[in-house]
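Reader: I would like a close look at a single part of this model, one strand together with its pairing partners. From there, please lead me outward, in one connected account, to whatever else can be said with care.

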Amino acid sequence: MKISINWLKEYLETKSAPEEISDILTNLGLEVEKILPFESIKGGLIGVVAGKVLKCEKHPNADRLKVTSIDLGNNETSEIVCGAPNIMEGQIVPVAKVGSKIYTNGGDEIKIKKSKIRGVVSNGMVCAEDEIGLGESHEGIMVLDSKIKPGTPISEVFNVENDNIFEIGLTPNRSDAMSHYGVARDLKAYYDLNSQTSKITLPSINDFESVKIDEDFEVSVKDIDKCPFYSGLIIKNIKVGPSSKELQNKLKSIGLKPINNIVDITNFVMHEIGQPLHAFDLDKIKNITVKSVKSNTKFKTLDDNIINLDSDDLMICSNNDPLCLAGIYGGYDSGVSNSTTNLFLESAIFDSVTIRKSSKRHQLFTDASYRYERGVDPEKVLYALKRASILIKEANQEANISEILVEDNLKVDIKDIYLRYDRIDSIAGQKIDKETITQILSSLDFEIKGHSEDGLNIIAPNYRHDVYREIDVIEEILRVYGFNNINVESKISMSIPEIGKNNINKTESLISNNLVGIGFNEIINNSICSPGVNEKFNNQAVNLLNPQGTELSNLRSSLIPNALETVKHNINRQNRNLKIFEIGNTYSINDNNYIENKRLNVTVTGQIFDENWISELSKSNFYYLKGVAENLLNNLNVSNIKYEVNNDELFEYKLCIHNNKKNIGFIGELNSTYTKEFSIDDKIHLLNLDLDNIKLKSANVKYQELSKFPSSRRDLSMILDDNINFEAIKNLAFNVENKILKDVNLFDEYKGKNIEDNKKSLAVSFIFNDSKKTLTDKLIDKIMLKLSDKYKTELGAVIRDK
């Protein structure tokens with residue numbers, strides 16, 4: 001938001017320098033991000049003075065040029081070569097002196113230098129009005145009033161305005177400060193507290209006069225919830241034209257382009273006091289009806305664009321014809337034009353939620369919608385209407401203003417708040433004088449109904465939509481009192497939160513550190529996605545109530561699509577070997593209940609390790625990812641893990657992970673049909689864990705001495721049915737011997753020649769160790785015999801000869 005200091009000083013008497021005002025506003029919570037200089041004419045016409053043509057003779061070497069002698073005042077005379085056909089002796093003209101810079105209407109800079117033109121030295125430049133930004137004509141030099149003395153700066157002749165503009169980073173809650181008067185109100189509170197004399201004045205509307213106009217015109221509000229207050233009046237016999245230079249400069253200073261005297265006045269009043277206004281061409285409308293229309297109704301906006309309306313949009317209509325998207329944007333067919341002679345001027349209060357939704361729905365963001373979304377001052381609605389009418393009347397002396405038409409269904413809630421002194425002291429960390437508190441509240445327009453030893457009964461002003469609790473009032477007191485005036489303790493006090501055993505942050509940190517430690521990179525993606533992304537994962541996706549567009553209208557049901565987009569992005573940039581993970585929330589609906597689930601997704605594609613001479617390129621990353629899963633779960637102290645094959649059309653193969661009969665995730669390779677939807681031809685392997693179903697357990701660490709006795713290994717080769725997995729072999733081995741059997745490992749698998757269909761050959765190693773004695777071959781052979789018998793009887797194994 002931009003605030004002009006010159007404009008600000010029209011409401012508040014202050015002698016503070018711009019830098020001082022900037023510091024005050026920032027300390028008040030209206031952060032000044034930068035101070036920008038403004039000149040009503042670029043360059044400020046510095047170095048351009050009035051000169052009197054003393055002599056004007058034909059150039060000796062050019063037919064179209066003239067050599068002039070010009071009095072520049074202060075006993076200074078310059079010889080200047082000029083090509084303008086209208087220059088004559090005795091004229092007062094604008095002269096740009098050597099060393100000055102002038103700017104054309106197009107913004108082009110011209111540096112004035114001493115030069116030689118066709119053999120004659122020229123010390124300056126006699127200017128046309130378009131060469132110094134004072135007009136459009138270039139037919140000849142600009143001739144000034146003969147009464148102007150030579151040497152008078154042209155900036156004084158044309159009242160060039162110099163200003164400083166504050167660019168304020170306004171927080172969304174401060175709707176009261178979205179105007180020059182609102183900012184002046186805050187400054188006044190500061191000056192009052194710091195004993196600096198200042199006076200704030202709002203322009204008078206006592207000159208407002210209305211007459212009875214014989215016009216069959218009605219105002220009707222059909223939806224009082226979306227428009228609790230609507231007012232307007234008719235102004236006849238106006239002439240649309242350019243605004244005054246003063247008004248144009250005000251608007252230009254804050255970055256607005258002047259349009260015409262009617263639109264400029266409505267914009268001026270909005271930036272003056274924060275109340276949006278809208279003007280309609282009265283001859284193009286029959287009446288005013290404020291209502292909603294049917295969905296998909298076509299509406300042509302002021303900038304000649306067609307939008308499809310929604311049934312939730314609030315419209316200003318004439319009968320059933322939409323004229324304006326209420327509080328946001330005007331219509332093409334009812335706007336003020338150069339031919340307008342009669343108008344209807346609107347000032348209203350619209351529901352902030354309705355305006356915000358419509359603005360985002362149609363991607364129309366205006367100064368008016370910005371203010372209505374945050375709330376306007378109900379006490380300034382009629383004031384703004386009268387103020388604008390007076391200004392229009394000043395610009396159109398023959399204009400007639402009707403009586404105000406009002407539809408008032410506004411119910412203003414009285415914000416009665418009890419403020420405790422001890423609560424203020426507790427929040428501030430020090431005692432603040434009671435008289436100071438009362439002074440600050442009064443300067444901020446809080447009404448003090450009563451007081452006691454313990455506190456105050458106050459009523460918050462209606463224009464403060466963000467103040468309705470005790471803590472809000474305390475914030476107001478402290479920002480005016482000055483956070484810099486709060487004493488800082490020499491010690492720091494803090495509370496250490498109790499962290500439960502299954503603290504999710506601890507779990508996430510442990511997982512992240514583990515994965516990063518083995519070469520993975522973490523990714524973070526947006527939780528908002530398009531409906532198409534969710535189709536393959538959840539039929540009941542969570543829809544956003546107020547999306548920015550269709551492509552961002554759902555909350556994600558899975559982390560997988562985001563991971564694939566990341567993979568695609570990297571592959572397109574020649575990075576095919578990826579190890580990435582994301583920890584994030586997924587969203588779904590189950591039995592009308594909204595479910596938010598924390599998940600881990602690990603994605604691997606390409607080669608796991610860098611290419612080198614000693615290792616072969618991997619053909620599948622599935623078993624590597626299974627090892628990552630087991631390592632993670634082991635670090636999380638999750639035991640009793642079991643795997644189960646699961647058929648899923650999105651996967652070539654998928655292994656579900658269970659813990660105590662509860663599904664906690666899966667490992668698998670994505671189906672190539674699905675990955676090709678993302679333009680990915682490489683194999684994609686995933687590990688996906690449900691972190692909400694994983695309970696982090698404290699590690700019960702036990703230490704024992706390394707065995708002094710050697711270990712012994714035995715290998716066993718067997719033929720089994722294809723559906724028997726290694727887990728069954730391992731579990732059966734430990735059921736047979738769990739004292740000296742330390743490890744079981746699968747080191748070879750074979751299918752093919754000499755092996756029946758639906759069969760496979762597995763080679764398994766067994767590691768034995770006894771911490772108390774050296775094992776004998778006889779004992780180990782006996783155990784191996786038991787194992788062989790068990791595998792034959794329970795798994796139908798055929799033990800192969802060595």
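Author: In this predicted model, the strand to begin with is β27, which pairs with strand β26 (residues 447-451) in the antiparallel sense over four bridges. These two strands form a hairpin, with three residues between β26 and β27, and one of the positions that fixes their register is I448, which stands opposite I458 of β27. A further partner of β27 is strand β25 (residues 416-420), which runs antiparallel to it and is joined to it by five bridges; here R420 stands opposite G455 of β27. With β25 and β26 as its partners, β27 itself, which spans residues 455-459, is mostly covered, since four of its five residues are buried.

From the strand we can turn to the enclosed spaces. A search of the whole structure finds three cavities of 30 Å³ or more. The second largest has a volume of about 40 Å³, and its lining is made up of D176, R185, D186, S443, L444, Y463 and R464. By type, that lining divides into two nonpolar residues, one polar residue and four charged ones. The largest cavity holds about 140 Å³ of space and is lined by 15 residues, with S175, D176, I273, G274 and D377 nearest its centre. Its lining splits into five nonpolar, five polar and five charged residues. D176 links the two descriptions, as it is among the residues nearest the centre of the largest cavity and is also listed in the lining of the second largest cavity.

I273 carries the account onward, for this residue lies nearest the centre of the largest cavity together with S175, D176, G274 and D377, and it also falls within α6 (261-273). That helix, in turn, gives the most to the lining of the second largest pocket, with four residues. The second largest pocket has a volume of about 700 Å³, and of the 26 residues that line it, V263, N267, L277, H278 and L302 are the closest to its centre. Besides α6, the elements that each supply at least two residues of this lining are β15 (278-281), β20 (321-325), β21 (329-330) and α8 (367-374). Taken by type, the lining consists of 15 nonpolar, eight polar and three charged residues.

Helix α8, one of the contributors to that pocket, deserves a closer view of its own. Its buried residues are A368, S369, R371, Y372 and E373, and what covers them includes α6, β22 (343-349) and α7; thus α6 appears once as the element that gives the most to the lining of the second largest pocket and again as part of the cover over α8. There are backbone details to note on either side of the helix. After α8 comes G375, with a positive phi near 105°. Before it, in the loop between α7 (352-362) and α8, is the place of Q363, a residue that is not a glycine and yet has a positive phi of about 55°. Q363 is partly exposed, with a relative accessible area of 43%.

Elsewhere in the chain, Q574 likewise is not a glycine but has a positive phi, in this case about 65°. Q574 lies in the loop between α15 (560-571) and β32 (578-590), and this residue is exposed, with a relative accessible area of 70%.

The last stop is the largest pocket, whose volume is about 1,400 Å³. There are 35 residues in its lining, and the closest to its centre are K626, Y643, L655, F726 and E727. The elements that each supply at least two lining residues are α16 (622-635), β34 (641-646), β35 (651-659), α18 (726-736), β39 (741-750) and β40 (759-768), and the largest share, seven residues, comes from α16. The central residues can be placed on these elements: K626 falls within α16, Y643 within β34, L655 within β35, and F726 and E727 within α18. The lining of this pocket divides into 14 nonpolar, nine polar and 12 charged residues, whereas that of the second largest pocket has 15 nonpolar, eight polar and three charged.

How values were computed. Residues are numbered from 1 along each chain as its sequence is written. This is a predicted model: local features need pLDDT of at least 70, side-chain atom pairs count only at pLDDT 80 or more; totals for chains, interfaces and linings use all residues. Side-chain values use heavy atoms; hydrogens and water are left out. On a 1 Å grid over the protein atoms alone, a cavity is a set of points where a 1.4 Å probe fits but cannot get out, and a pocket is an open set with protein on both sides within 12 Å along at least five of seven lines; lining residues have an atom within 4 Å of a point. Grid points are joined across faces, edges and corners, and a volume is the space filled by probe spheres set on the points. Ala, Val, Leu, Ile, Met, Phe, Trp, Tyr, Cys and Pro count as nonpolar, Asp, Glu, Lys and Arg as charged, and the others, Gly among them, as polar. Buried means under 20% relative accessible area, exposed over 50%, partly exposed in between (1.4 Å probe, protein chains only). Two strands pair if DSSP finds at least two bridges between them. Contact means heavy atoms within 4.5 Å.
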